[in-house]
Structure formats: structure tokens, C-alpha cells
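Colleague: Could you give me a close look at one helix in this model, and then show me what else is worth seeing around the chain? I'd like the side chains in some detail.

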Amino acid sequence: MQAARTTSTALAPSRAERGLKLPLPGSAAVLACGAVLLVLHARNALDSDEGVILNGAWNLLHGRALYTDFFEFLAPGSFYLVLAAWKVFGSSFWVAKGLALAAIAVATAGIDRIVRELPAKHASAAGPALAIAPVLLFCFFTGYLPTINHNTLHLPFAVWGAFLAIRGVRRMSWRHCAAAGFLCGIGAWFLQHRSALIAAATLCVLLLLAWRRRGPGWARCCAAYAVGAVGPVAVMTAFWDAGLLFEHLIAFPAARYLEVNRIDPTLIACATSLALGAAWLLRSELDASACLLLALLGALLLTAFQRPDLSHVTSALWPLLCLLPRVASTPARTPSARLWRTWVAAGLAALPVPLLLTMAANPALYLNDWTRHPALQYVRDHCPTAASLYAGPFAPGLYFETGKLNPTRYSVLLPNFNSDAQFRDALRDLQQSRPACAITNYPMVAKFSHTRDNPVDAYLAANYEVVFEARHRQVWMARTEAAPAKPPVAATPAGPAAAP
């Protein structure tokens with residue numbers, strides 16, 4: 001009995017390890033975060049990535065079956081969550097936007113909670129301003145993300161799963177580990193590859209703890225996390241065939257996604273150096289919670305290599321933001337340590353600068369109402385009775401925006417992304433439905449090395465004619481339709497080069 005009591009005491013966290021209960025963020029901090037989120041996200045930019053989610057939910061709302069009636073390479077959670085919100089509040093863009101903003105707010109609260117869970121010996125040295133910096137930077141980072149997006153909707157599950165995992169490893173609580181695994185499994189409904197690597201990183205840390213501390217409680221924690229994570233994924237296979245899910249969610253992205261998303265790796269290299277700098281600074285006083293956050297940071301940065309742009313890289317850095325107060329308060333007694341600490345802090349602080357410069361240089365990008373785009377207005381005026389509209393090569397949000405259905409089963413049609421068989425399928429769909437109108441934006445997809453040497457664009461050129469053009473968008477009408485005479489293009493304010 002005495003031996004058992006001694007073991008229990010040794011495994012129990014000390015007062016310092018339990019963490020300092022930092023005060024909740026003041027009203028000024030909450031208002032600042034809210035203002036940042038509203039400024040960055042309170043608009044409809046007709047973003048194509050948002051359009052993928054909106055088009056998927058729009059298809060579901062009209063009775064089309066995901067993965068069979070229409071193709072997607074994203075996990076089903078985002079589509080069904082937006083659909084559920086529409087069922088309750090009505091099919092409005094702002095309902096979907098509000099849902100995504102709520103997800104960001106929940107993730108922001110989770111990051112604040114992780115920061116306040118840090119051990120007292122580190123958190124006490126971080127002043128109130130530094131304790132607020134992680135959530136404020138995170139809010140700025142979300143400005144690079146499309147709001148209505150699977151990456152955004154995945155964040156609350158990833159962040160709060162990390163918080164519960166930290167609680168689990170610091171209290172040796174299998175219940176917290178099971179809950180963390182469950183949130184990770186739910187996250188797989190939104191972002192399959194990030195959830196898989198989050199689960200792998202967390203299990204590695206739990207297995208390391210089980211090996212080093214050799215207590216039966218750690219084995220229970222490992223098993224509880226694994227079971228919790230597998231459960232929601234197993235439920236997914238109850239609704240869709242496992243082979244179909246593998247083909248859409250794993251095989252297709254693995255084979256096609258990297259080819260169309262190759263960009264300069266400088267940003268991911270810099271982000272990796274920030275992570276390595278933080279790990280080096282904390283090397284002498286690593287505990288289980290810091291190891292877990294660093295493991296998660298490494299896993300998330302690994303997922304960003306598929307497209308290392310500002311949106312994917314910054315959305316992977318939230319574990320480093322959680323560690324920022326600890327990094328800043330760790331004693332730096334050597335010039336190299338001071339250099340690394342400055343590099344990490346300055347690097348994180350500099351990441352929002354491109355966003356702020358873009359807003360200052362191009363305020364129209366954030367102030368214009370892109371739903372009143374002249375080309376969209378032309379479609380509304382001259383194709384009001386058409387049930388379908390082809391919007392391509394990558395403009396799926398226009399289906400929901402115009403209230404029409406996609407005549408093909410693909411929300412994206414890019415030669416370096418979609419296979420030849422998929423282009424043939426899309427061509428057959430267009431030949432069968434023959435929509436009266438189409439709308440294209442070729443300059444927008446130039447960054448994907450798009451060429452018109454494909455069956456769909458060839459079909460448009462042979463059977464449709466451009467009747468209106470404004471701000472990079474062209475409206476086409478079938479030559480056999482009684483198309484109105486092509487009006488002169490009205491002078492419209494010139495949008496930015498990358499405008500929707």
C-alpha cells in the first residue's frame with residue numbers, strides 16, 4: 001500500500017507542472033481579436049477555395065450524393081456542416097461565413113487555453129501582453145485562409161484536441177487522452193491528412209512517455225487515444241465504401257495535388273527554421289507538454305509542404321504560437337540563444353506584414369462587393385431561367401452565388417490536376433446538359449499553369465461564344481441559343497490583377 005502511494009505521488013504533477021492559472025483575456029483583448037477577424041473575414045470575395053465548400057453543400061442541398069453524383073477530394077465534414085447550418089438558418093452565404101468565423105473563434109479560445117495551461121515557472125515570466133500575443137497573431141494568420149474552408153473548420157478540433165492531449169500527458173489521464181483522440185478523429189472528417197499526422201505525432205509522444213516512465217497508466221493513455229481517434233473514422237466508412245473514400249481522399253490527392261501546387265519553398269524553409277529555433281531554445285527544459293506541441297508543429301509543417309504558401313504555412317504554426325510565451329521567457333544567456341529567440345519572435349511578428357501591406361496597397365480588395373461583378377450581373381439578367389451554368393476552370397462558388405447547379409461532376413477542372421478520364425467525364429456531362437451559359441476566368445488559373453488544350457475548353461470554344469467580358473471574366477452563350485446581341489462592355493472600376 002505504501003509503495004503504491006509513493007508511486008502515485010511520484011507520477012502526480014507538481015504544483016509547478018500543473019500550471020499557473022493566468023487571468024482570462026481582458027475585454028480589450030477580446031475586442032481586438034474580434035475586430036481583426038471581422039476586418040479580415042467580413043466580405044464575400046468569391047474565393048474559389050470557399051466555392052468548393054459552398055458548391056459541395058449546394059449539391060447536397062439539391063439531393064446530389066457526395067463522391068458518387070459529384071467528385072470531391074476533400075473529406076465530407078465541411079460540406080455536411082455547412083449543409084446542417086443551412087437547414088437550420090437558411091441557405092445564405094453569411095450563414096456559412098458565420099459558421100466558419102465561429103470555428104476560428106473557438107480555435108482562438110483553445111490557443112488561449114493552451115497558453116494558460118503552461119507550467120507556472122514559464123508562464124509567470126511571460127507578462128500579460130505576451131500571453132495575449134499568441135491569440136492576436138493567430139487571428140492575423142487566419143487572414144491568409146479562405147474563411148469557408150476545410151482548413152478553417154478543422155482548426156477547432158486540432159487545437160482543442162491538443163489541449164486535451166496536454167491535459168492527458170500532464171495528469172496521466174486516459175479520459176483526457178480518449179477525448180483528444182476523439183476530437184482528432186472528428187477532425188479527420190474535415191482534413192484527413194493533417195488529422196492523420198496529428199494522431200501519429202501524439203501517439204509517438206504518448207508511446208515515448210509509456211516507454212520512459214513504464215507505468216500502466218501510460219499504456220492506457222495510448223490505447224484510449226487510439227480508440228478515440230479510430231471511432232469517428234470508422235463511422236465514416238459506415239456511410240461510404242472504404243475503397244471509394246481511399247480513392248477520393250487519399251489516392252487522388254497523393255497522385256495529383258502536388259503537381260499543380262509546386263511553389264517556391266522559401267517560406268516553408270523559414271517556418272521550419274522558426275520551429276527548430278524554438279526547439280533548440282527549449283532543449284534544456286522540455287517537458288511532456290512542450291514535446292507534444294513541438295511534435296504537432298513538426299507534423300503540421302510537414303503537411304504544409306504540399307503547397308507551402310502563406311495560408312498553409314501560417315495555419316500550421318499555431319503550436320509554435322502556444323509556445324511563444326515560453327520561448328520568450330526562457331533565459332538566453334549566450335549570444336546564439338539571444339539570436340535564436342529574436343529570430344523566432346521577429347519571424348512570427350513579421351508574418352502578418354504581407355497581409356497588412358496588401359490591405360494598405362489594395363483596399364478595394366477588401367471593400368468591393370464582388371457579388372456585384374458585372375459578369376455575374378450579366379448572367380443574372382440574361383440567363384435567369386437556366387437551371388445550370390458552367391463556371392470554370394476553377395470558380396465553383398459561382399454556382400451557389402447565381403443559384404444554379406454545376407452541369408459537370410467536378411468543381412475544379414485543371415489539366416495538371418484533373419486526369420484525362422475526368423476531363424472526358426466532364427465533357428460528356430456538358431454535352432448531355434448543354435447549359436445555355438458559361439462563365440470563365442482564365443487569368444485567375446494562370447498560376448496553376450492552366451492551358452486551354454483540354455476537352456472542356458475546346459468544347460466551349462467550338463460551341464459557345466463570348467458575349468460579355470469584364471474584369472478577367474468572360475460570359476459565354478451557346479451558339480444555338482437566341483443569344484442577345486453582344487453589348488459594349490461598360491467601363492468598370494479596374495480590379496486588382498488577382499481579383500476574383
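Modeller: One cut-off before we start: a residue is buried under 20% relative accessible area, exposed over 50%, and partly exposed in between. Keep in mind that this is a predicted model.

The helix I'd pick is H9, residues 150-171, and the spot to zoom in on is tryptophan 160 with phenylalanine 163. Tryptophan 160 has a relative accessible area of 25%, which means that it counts as partly exposed. Phenylalanine 163, at 6%, is buried. The two rings make an aromatic pair, with 5.4 Å from centre to centre and 80° between the planes, and that is edge-to-face. Why might two such residues face each other? They sit three residues apart in H9, so about one helical turn separates them. As a general point, an α-helix has 3.6 residues a turn, so residues three or four places apart point the same way. Theirs is one of 19 aromatic pairs that a search of the whole structure finds.

Now slide back to histidine 150, which is also in H9. Histidine 150 is buried at 14% relative accessible area. Its side chain makes a polar contact of 3.3 Å with the side chain of asparagine 151. Beyond four places in sequence, histidine 150 touches Ile53, Leu74, Ser78, Phe190 and Leu191.

H9 has another link to the rest of the chain: Leu155 is in contact with serine 315, as are Leu145 and Arg194. Serine 315 lies in the loop between helix H16 (310-314) and helix H17 (318-329). Loop or not, serine 315 is buried, with 5% relative accessibility. The side chains of serine 315 and arginine 194 are joined by a polar contact of 3.1 Å.

Back to rings for a moment. Phe71, Phe73, Phe252, Tyr257, Tyr410 and Phe417 are linked by ring pairs into a cluster. Two arginines also sit over ring faces: arginine 283 is 3.9 Å from the ring centre of tryptophan 280, and arginine 452 is 3.6 Å from that of tyrosine 442.

For another helix, try H24 (residues 455-463), where the buried residues are Val456, Asp457, Tyr459 and Leu460. They span an arc of only 155° around the axis, so they lie on the same side of H24. The cover over them includes helix H23 (420-433) and the strands S1 (390-392), S2 (437-440), S3 (464-470) and S4 (473-478). At the N-terminal end, asparagine 454 caps H24, with a side-chain oxygen 3.2 Å from the backbone nitrogen of valine 456.

Zooming out, the protein chain holds 24 helices and four strands. Of its 500 residues, 54% are buried. Take the contacts with a separation of 6 or more: 75% of them come from residues 24 or more positions apart. The chain exposes about 21,500 Å², and carbon and sulfur atoms supply 64% of that.

If you go back to H9 with all this in mind, start from the edge-to-face pair of tryptophan 160 and phenylalanine 163, then follow histidine 150 out to its contacts, including Phe190 and Leu191.

Terms used. Residues are numbered from 1 along each chain as its sequence is written. This is a predicted model: local features need pLDDT of at least 70, side-chain atom pairs count only at pLDDT 80 or more; totals for chains, interfaces and linings use all residues. Side-chain values use heavy atoms; hydrogens and water are left out. Helices (H or I, at least four residues) and strands (E, at least two) are DSSP runs, numbered from the N terminus. Buried means under 20% relative accessible area, exposed over 50%, partly exposed in between (1.4 Å probe, protein chains only). A polar contact is a pair of N or O atoms within 3.5 Å; within protein, one must be able to donate a hydrogen and the other to accept it, and residues adjacent in sequence count only if both atoms are side-chain atoms. Contact means heavy atoms within 4.5 Å. Rings of Phe, Tyr and Trp (its six-membered ring) pair if their centres lie within 6.5 Å; planes under 30 degrees apart count as stacked, over 60 as edge-to-face and the rest as tilted. A charge sits over a ring if NZ of Lys or CZ of Arg is within 6 Å of the ring centre and within 35 degrees of the ring normal. The arc is that of the directions from the helix axis to the C-beta atoms. Accessible areas come from the Shrake-Rupley method with a 1.4 Å probe; for residues, only the protein chains shown count as cover.
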